[in-house]
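Trainee: Got a minute to go through this model with me?

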Amino acid sequence: MGDTSQLPIQVEIFEDSYEEQMFRPKIVLSDYLIYITKGRRFSPEDYLDHIEDKGTLLIDRGPMVEVEEKGEVTLVTEKEANESPGSWVNISRIDISSDVKSNVPGIYSVVYSYTSEDTGYDCSARLIVVVE
């Protein structure tokens, strides 16, 4: 047998009601476990792929902008203001909590949280970061 290693991680299991399964949003990451070299720059925003909330919401990393329509001013994502195709959510609507110290070897986590404006349901996703 070859080398072995352990990776202590937290696993959470929830049993949602039918309504929650239908209406609870979901954060989708590009990766859920990554290994980085000690000292490498780490940006948790880079691992956000999209949000599933009554369809796919792409992540707009630009600023929120004011748009006036029919005499009413509203804040929208920059992509929406520029009429980019697709549905968008601004990154400012996603809470990112990270304890990653990229210059210190160890196992860290990043927690992403989002609350649907439509349903009020929230969700979270966890990225495990191993600094080697």
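Here is a short chat about the fold, the sheet and the core.

Mentor: Sure; it's a predicted model, so local features need pLDDT of at least 70 and side-chain atom pairs count only at pLDDT 80 or more, while totals for chains, interfaces and linings use all residues. Residues are numbered from 1 along each chain as its sequence is written, and side-chain values use heavy atoms, leaving out hydrogens and water.

Trainee: How many helices and strands does the chain have?

Mentor: Helices (H or I, at least four residues) and strands (E, at least two) are DSSP runs, numbered from the N terminus. Along the sequence the pattern reads α-β-β-β-β-β-β-α-β-β-β-β. That comes to two helices and ten strands.

Trainee: Which strands stand at the edges of the four-stranded open sheet, and why?

Mentor: Strands pair if DSSP finds at least two bridges between them. The order is β2-β10-β9-β8, with mixed pairing. One side of each edge strand has no neighbour in the sheet, because each has a single partner; these are β2 and β8.

Trainee: What is the bridge partner of S97 in β9?

Mentor: β8 and β9 run antiparallel, joined by four bridges. In β9, S97 is partnered by V111.

Trainee: Which strand supplies the largest share of the largest nonpolar core?

Mentor: Such a core is a set of buried (under 20% relative accessible area, 1.4 Å probe, protein chains only) Ala, Val, Leu, Ile, Met, Phe, Trp, Tyr and Cys residues joined through side-chain atoms within 4.5 Å. This one has 23 residues, with I27, F42, Y112, L127 and V129 making the most contacts inside it. The largest share, five residues, comes from β10.

Note on methods: Buried < 20%, exposed > 50% of the residue type's maximum accessible area, 1.4 Å probe, protein only.
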